[in-house]
Amino acid sequence: MFSPVRCCCPMINVEPRSWWQAPVLAMEEVTFKSDTVLSDIHLCTPNQRHLMVRLNGVGQPVFLSQFKFVWNQDSQTDSGAEGGDHGDVPTEETPAGIGSTGSPPGSGGSSEGFFLQASTDSTSQEWLGAHLDEDGDLDVVRRPRAASNPKPAGPPRDKVHPMILMQEEDDILGDEAQEGSTRDVIKIEHTMATPLEDVGKQVWRGALFLADYILFQWDLFQGCTVLELGAGTGLASIVAATVAQTVYCTDVGADLLAMCQRNVALNSHLTASGGGVVKVRELDWLKDDLCTDPDVLFSWSEEDISDLYNHTTILLAAEVFYDDDLTDALFKTLCRLAHKLKNSCTAILSVEKRLNFTLSHLDVTCEAYDHFRSSLYRLEKLEDCQLRFAVEPVEASFPQHLVYERIQQLELWKIFVEPVTSPIASASTAPRLFL
């Protein structure tokens, strides 16, 4: 759940009263709105085949995309820790030309030694030499339309062309879903452009980055109970459930949680072999208690709460650090939950360091990331007579098992929460962080 920049981003213009009347519709027009944000995952591959399947409860177009797992024993890639940019690596519905050998966790094989078979784009070399005018300014050379191919193989590069299908849900991806093993694809329903408050309905790069780490450290998750905070579309929770015993996939908003539930059902083939269970539940960071009202969708049962507090050992959060107030609320929730958990736990946080130009500073800054780092520091320095919080970064050298652009700005942080063995001299026993 993260917003890159609140700027003019493309938003699909849909007429809800007539979209079902045509079996296939190419939407050629793009509407620009200043309050609309679009994930880099979708922005960088606008002409991939996004399949529009329905309108959600608030009238937003919902698309179905498939993200490929790539397992290969003979090739490996730079993780992005050094260079960071792998060029124009396709993200959604990657062609079947990329090999799919080996076996993912939970399928009876080991994930050790499996690496991404990276693809390279020679066209990216064209941009190595910058063109400057006589004043030293960047001179952008545009190709004239007359020089373009009069009969392009696909739609124009500057337009988004989602496709609306009239197929049954079981066959929604058509023949493309049959090109590889079902264990090589994760299917995710998502939106493509939303207001800032609905960014959890999109797929974000940090969730794929966290999923890579889960697949790399699958033995850490084996048989565990996992809680994800701010799960969004549920991608990381679904991947965790391929090896974990129980995953509580939590967020807020009935429409978002319903989308999460649909994604869990779409990917039951991934979790079935390992016996993992994903439970979609509401967890509001701004409330101290879990919702137990049986009349509320995605509320918690007494059995759920008992299992959560008695068995959870891993907490996850990806791309949720885009607003200072929400960041504070998450750390407060993390601290509160840690005191209620019976066992020591580890929180794994995924964040992308986004640089934005601000008028207040007249410079490029990363205020949301800076606030996140400040919160980590305060958590580690927290004086608490019950728990000790230890923070450390995770080196981004683990292999890439999902196809996306892993950039240098992606980071993982671990928070180890353990009971204090010796009392800390303090006038108060209550933690005072984020209160």
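Is T333 buried or exposed in this predicted model? T333 is buried, with a relative accessible area of 0%, where buried means under 20% relative accessible area, exposed over 50%, and partly exposed in between, using a 1.4 Å probe and protein chains only. This residue belongs to helix α8, and, leaving aside residues up to four places away in sequence, T333 touches L283 and W285; contact here means heavy atoms within 4.5 Å.

A few words on conventions help with what follows. Residues are numbered from 1 along each chain as its sequence is written, and side-chain values use heavy atoms, with hydrogens and water left out. As the model is predicted, local features need pLDDT of at least 70 and side-chain atom pairs count only at pLDDT 80 or more, while totals for chains, interfaces and linings use all residues.

The protein as a whole contains nine helices and 17 strands, taken from DSSP runs (helices H or I of at least four residues, strands E of at least two) and numbered from the N terminus. Buried residues make up 50% of its 435 residues. Of the contacts with a separation of 6 or more, 79% are accounted for by residues 24 or more positions apart. The exposed surface comes to about 21200 Å², and carbon and sulfur atoms supply 50% of it; accessible areas come from the Shrake-Rupley method with a 1.4 Å probe, and for residues only the protein chains shown count as cover.

Helix α7 offers a good view of the interior. Its buried residues are D304, I305, D307, L308 and Y309, and the elements covering them include β9 (225–228), β10 (246–251), β11, β12 and α8. The loop between β11 (277–282) and α7 (302–311) holds F298, which has a positive phi of about 65° although it is not a glycine. Most residues other than glycine have a negative phi. F298 counts as buried because its relative accessibility is 17%. A positive phi, of about 55°, is also found at E319, again not a glycine. E319 sits in the loop between β12 (312–318) and α8 and, at 1% relative accessibility, counts as buried.

A further buried loop residue is L402, between β16 (387–394) and β17 (410–419), with a relative accessible area of 0%. Residues up to four places away in sequence aside, L402 touches F67, K68, F69, I186, L208, A211 and D212. One of these partners, I186, is 216 residues from L402 along the chain, and their C-alpha atoms are separated by 9.7 Å.

Turning to the surface, D323, D324, D325, E367 and D370 form a negative patch. Such patches are made of residues with over 30% relative accessible area and no salt bridge, like charges being joined within 9 Å; a salt bridge is a side-chain nitrogen of Lys or Arg within 4 Å of a carboxyl oxygen of Asp or Glu. Helices α8 (324–340) and α9 (367–380) each supply at least two residues of this patch. Both E367 and D370 lie in α9. E367 counts as partly exposed because its relative accessibility is 41%, and D370 is likewise partly exposed, at 43%. The C-alpha atoms of D370 and F321 are separated by 10.0 Å, with their positions 49 residues apart along the chain.

Key
Patch = residues over 30% accessible without salt bridge, like charges linked within 9 Å, V, L, I, M, F, W, Y side chains within 5 Å. Lys, Arg positive; Asp, Glu negative; His and termini not counted. Charge placed at Lys NZ, Arg CZ, Asp CG, Glu CD.
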